[in-house]
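This report describes the architecture of a single protein chain, moving from individual strands to the overall fold. The sequence and structure are shown first.

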Amino acid sequence: IEAEEAPIDIEIVDPDVTTIEDGEGGMMIQFGEGEITEPEFGSNLAEFMDDTDLARVSSELLAAYEADKNSRKDWEETYTKGLDQLGLNIEDRGSPWPGACGVNHPLLSESVVRFQSQAMSEIFPASGPVKTKILGKIDDEKTKQAARVRDHMNFLLTERMTEYRNETEKLLFSLPLAGSAFRKIYYDPNMGRPCSMFIPSEDMVVSYGAADLMTAERVTHVMRVDGNSVRKMQVSGFYRDVEIGHGAPLTGDIQEKYDKLTGDDPSRIDSRHTILEMHAAVDLPGYEDEIDGEPTGVALPYVITVDKASSEILSIRRNWNEDDEKKLKREHFVHYEYVPGLGFYGFGLIHLIGGISKSATSLLRQLVDAGTLSNLPGGLKARGLRIKGDDSPIMPGEFRDVDVPGGAIRDNITFLPYK
């Protein structure tokens, strides 16, 4: 090839069927016969997509996530303010004087604990949480089969799924407070068994105008995962092996309130990654829905995992059954509602009796402060009246000397008219 001629571009589509060898004084290129294989149905499609397409999909999904989060802003504010009524922290008040009463009325916390205990005893009886019901004609074979299914399910939930009871108790504490709670059910290949995990309502971001989980266009599960766990998922091939940098802690009013209630220091270094697992309908580039070879423009259900800090897509997987011609979305979450509300999220005790609980706390503090003023009253005294050691309060049974310039003591001291 002479210097002034343009170089030859060689594009290798499939390296398995292409060989390039040095011939005598030249280059020999041999093309074999082969086909470009499509990724398997359960593969991570992010491994086969262009970086430009991945960046565009990530940008659109993150913008949609922020829109969904803003749509429930009023719900978050109400929930955050209501958490103060639990009275988990003792408040040291400096107004109207240092040491004023700072207790909270236990109306809200008592109602939550009572619901949790009663619901737990109903859901988890001594015989086990699972019961069976036979539909149709009852015979001896069906009865024995129902008993086997019941015994196996009770063994699975109480012995194998060790997290099930604890996660249920957490769910029953959060449900009456927030009005909504979620459970995620999935099969864990590492454990070789199904798992059932509780998800608090603040970590399940859905547009407030959505009717339910099945018809919602987008459902985002916010996960906080440490760096080592993310790396394990990358090494196993479940996540795309890309650099996502250091973790960024999740911030927000609800998280700050939780840190205050639990005693965590918000200024501590949190190295966990905020992972967004988004169950969304997307018209994915290169994997469009087609009829007779023509794209229809219909968005299909996918599970797309995004690292929030780096905006990197870690995985994209189809979220419908392989043999489903209609490609209906598979559901992985269960939504529990305390009282169904006007929007997607339900109403909880914070919304129903939060105002009464706040008023009861105010009344309780007034009564305790009134008792304090009655026991140690304040008042006015004449300028010429001198009491020895008047800087310290008089203890019960104590008498002190008083220098009275004239008249009776009661004419020189006036108590303020406290009730």
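Which residues of β10 are buried on one side, and which on the other? The model is a predicted one. On one side of β10 the buried residues are L300, Y302, I304 and V306, and on the other they are P301, V303, T305 and D307, so that both faces are covered. Strand β10 spans residues 300-307, and 8 of its 8 residues are buried.

**Strand β10 and its partners**

Strand β10 pairs with β7 (residues 273-282) in an antiparallel manner through 8 bridges. Within this pairing, V282 stands opposite L300 of β10. An antiparallel pairing of 6 bridges also links β10 to β11 (residues 312-318). Here V306 has I313 of β11 as its bridge partner. The strands β10 and β11 form a hairpin with 4 residues between them. In the turn, S311 has a positive phi of about 60 degrees.

| Strand pair | Direction | Number of bridges |
|---|---|---|
| β7 and β10 | antiparallel | 8 bridges |
| β10 and β11 | antiparallel | 6 bridges |
| β3 and β12 | antiparallel | 5 bridges |

**The three-stranded sheet and helix α5**

An open sheet of 3 strands is arranged in the order β4-β3-β12, with antiparallel pairing. Its edge strands, each paired on one side only, are β4 (193-200) and β12 (333-337). On average, neighbouring strands of this sheet are turned by 20 degrees against each other, direction ignored. Strand β3 covers residues 180-188 and is joined to β12 by 5 bridges. Within β12, F333 is the bridge partner of K184.

Helix α5 (residues 164-178) lies across β3, β4 and β12 and runs at about 155 degrees to β3. Its length agrees with expectation, because 15 residues at 1.5 Å a residue should span 21 Å and the end C-alpha atoms of α5 are 21 Å apart. The buried residues of α5 are Y164, E167, T168, L171, L172, S174, L175, P176, L177 and A178. After α5 comes G179, which has a positive phi near 95 degrees.

**The surroundings of M204**

M204 belongs to strand β5 (residues 204-206). Because its relative accessibility is 0%, M204 counts as buried. Leaving aside residues up to four places away in sequence, M204 touches R72, F182, I199, V219, T220, H221, F333 and Y345. Among these contacts, F333 lies 129 residues from M204 along the chain, yet the C-alpha atoms of the two residues are separated by 9.8 Å.

**Cysteines**

How many disulfides does a search of the whole structure find? The search finds 0 disulfides. C101 counts as buried because its relative accessible area is 8%, under the 20% cut-off. C195 is likewise buried, with a relative accessible area of 3%.

**The chain as a whole**

The protein contains 8 helices and 16 strands. Of its 419 residues, 33% count as buried. Among contacts between residues at least 6 apart in sequence, 65% join residues at least 24 apart. The accessible surface of the protein amounts to about 26800 Å², and 53% of this surface belongs to carbon and sulfur atoms.

Terms used:
Residues numbered from 1 in each chain as written. Predicted model: local features only at pLDDT ≥ 70, side-chain atom pairs only at ≥ 80, totals over all residues. Heavy atoms only, no water. Pairing = 2+ DSSP bridges. Helix = DSSP H or I, 4+ residues; strand = E, 2+ residues; numbered from the N terminus. Axes fitted to C-alpha atoms, helices over the stretch in contact; angles between N-to-C directions. Contact = heavy atoms within 4.5 Å. Buried < 20%, exposed > 50% of the residue type's maximum accessible area, 1.4 Å probe, protein only. Disulfide = S-S within 2.5 Å. Areas by Shrake-Rupley, 256 points an atom, 1.4 Å probe, with all protein chains shown as cover. Expected span 1.5 Å × (residues − 1).
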